[in-house]
Amino acid sequence: MSMVDSRNGSEGLAPRQARPVDLKKSQPADAAAAAVLRECAGQIAANIPVVIASVEPEGPHQLRIGLRRLRSALSAFSAVLGGQEAKRLSAEARWLGQEVGLLRDLDVIRTGIVPAAMARNPLDARFEALAAAVGEAASAARERLSATLQGERVSTFLADLDAFVARLDGTGLDVPERPAGTPLSVADLAVTALDRRWKKSVRAAGRIGKLTLAERHVLRKELKKLRYCGEFLLPLFRRRKAKPFLKRLKQLQDVFGLLNDARMVAGRLDEVLAGGRAPDGARHAAGWIAGYAACEADVAWTHARALWKDLGKTRRFWTSG
């Protein structure tokens, strides 16, 4: 039975969250990579039937997380993966993540953002019109995504990922197209990978007080990759030493989540209401929500700058100093 089949059979239709992988410092880096990639693949494969069978928002949420974690793992362990196949799998995960992202965004708006706005405006029927329009858009997106998930491209992606991990597991350091000079232990690789992710985050932050909306979005994605990388490799370090850094990183990500919601909601609502099909009342409600989200984002951004400075002052747990 393949990795994908066994995951689906054991998990049923319950949304599947990420699970920690028990890495050892003496473990070969490619064996550690195989264990982490297998866990990411398991989360992806288990949540696909959940998305197909259910209208609950947790399935798409966990599926998108699994795809993001897979891409982060492929990047974190690139020193022992190398070659075009890892890049191709990452590109396929990115494509599928974008397909899932539309439904996930609409679910966030449908189940969280619009109901919160209706609670603040209980006598305004225009928000009900918007809720109906978003619900219809989410239903249509769910049907399209279900068809995509049952299509040949996704099944091929899962099979290729399964084969890639199996080959990595079974050939030791003799991985096709593996770059020369690869660290032999995951402990060696961990420091290099975390340093690389941290430096990319620092570059993305730049002069943080003057970042554009697009640059803030780039920084948010880099911080997410840093967090995933830290979570993958956490078993190699003392948790007590890692806790302050990861705690501040999570706080910063939570704030950036508000920034991303503001960025996302305006664009998605424009898409939902495009073409003149929605009533004017829904457009008024969408404008109110977009404005409210933008105000929240402005407040959140002041906290983000302070949290970034705090993170920069926090000892990085993978360093020896």
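**Exercise 1. Two rings of one helix**

Tryptophan 288 and tyrosine 292 sit four residues apart, about one turn of the helix, and both belong to helix H11. Determine how exposed tryptophan 288 is and how exposed tyrosine 292 is.

*Solution.* The model is a predicted one, in which local features need pLDDT of at least 70 and side-chain atom pairs count only at pLDDT 80 or more, whereas totals for chains, interfaces and linings use all residues. Residues are numbered from 1 along each chain as its sequence is written, and side-chain values use heavy atoms, with hydrogens and water left out.

Step 1: helices (H or I, at least four residues) and strands (E, at least two) are DSSP runs numbered from the N terminus.

Step 2: a residue is buried under 20% relative accessible area, exposed over 50%, and partly exposed in between (1.4 Å probe, protein chains only). Tryptophan 288 has a relative accessible area of 29% and is therefore partly exposed, and tyrosine 292, with 31%, is likewise partly exposed.

Step 3: glycine 287 also lies in helix H11, and its relative accessible area of 44% makes this glycine partly exposed. Between the C-alpha atoms of glycine 287 and lysine 250 the distance is 30 Å, for a separation of 37 residues in sequence.

**Exercise 2. Aromatic pairs**

Establish how many aromatic pairs there are, and classify the pair formed by phenylalanine 245 and phenylalanine 317.

*Solution.* Step 1: rings of Phe, Tyr and Trp (its six-membered ring) pair if their centres lie within 6.5 Å, with planes under 30 degrees apart counted as stacked, over 60 as edge-to-face and the rest as tilted. Nine aromatic pairs satisfy this rule.

Step 2: phenylalanine 245 and phenylalanine 317 have ring centres 5.9 Å apart and planes at 65°, so they form an edge-to-face pair. The two residues are 72 apart and come from distant parts of the chain, phenylalanine 245 from helix H10 (residues 239-272) and phenylalanine 317 from the segment after helix H11 (280-313).

Step 3: phenylalanine 245 is buried at a relative accessible area of 1%, and phenylalanine 317 is buried at 1% as well.

Step 4: the rings of tryptophan 288 and tyrosine 292, by contrast, have centres 5.2 Å apart and planes at 10°, so this pair is stacked.

Step 5: a cluster linked by ring pairs comprises Trp198, Phe237, Phe245, Trp308, Phe317 and Trp318.

**Exercise 3. Arginines over rings, and a buried glutamate**

Find which ring face arginine 153 lies over, and which residues glutamate 92 is in contact with once neighbours within four places in sequence are left aside.

*Solution.* Step 1: a charge sits over a ring if NZ of Lys or CZ of Arg is within 6 Å of the ring centre and within 35 degrees of the ring normal. Arginine 153 lies over the face of tryptophan 95, at 3.7 Å from the ring centre, and arginine 216 over that of tryptophan 301, at 4.0 Å.

Step 2: glutamate 92 belongs to helix H5 (residues 83-120) and is buried, its relative accessible area being 14%. With contact taken as heavy atoms within 4.5 Å, glutamate 92 touches Arg153 and Phe157, sequence neighbours within four places being set aside.

Step 3: histidine 217, in helix H9 (residues 213-233), is buried at 15% relative accessibility. Not counting residues up to four places away in sequence, histidine 217 touches Asn260 and Arg263.

**Exercise 4. Helix H2 and the whole chain**

Compare the expected and actual span of helix H2 (residues 29-53), and state how many helices and strands the chain has.

*Solution.* Step 1: the expected span is 1.5 Å times one less than the number of residues. For the 25 residues of H2 this gives 36 Å, and the end C-alpha atoms are 37 Å apart, which agrees. Helix H2 is largely enclosed by the rest of the structure, because 21 of its 25 residues are buried.

Step 2: the chain contains 11 helices and zero strands. Its radius of gyration is 21 Å, close to the 20 Å of the globule rule for 321 residues, so the chain is as compact as a globular protein of that length; the radius is taken over C-alpha atoms, and the rule is 2.2 Å times the number of residues to the power 0.38.

Step 3: the C-alpha trace spans about 65 × 50 × 30 Å along its principal axes, and 47% of the 321 residues count as buried. Of the contacts between residues at least 6 apart in sequence, 82% join residues at least 24 apart.
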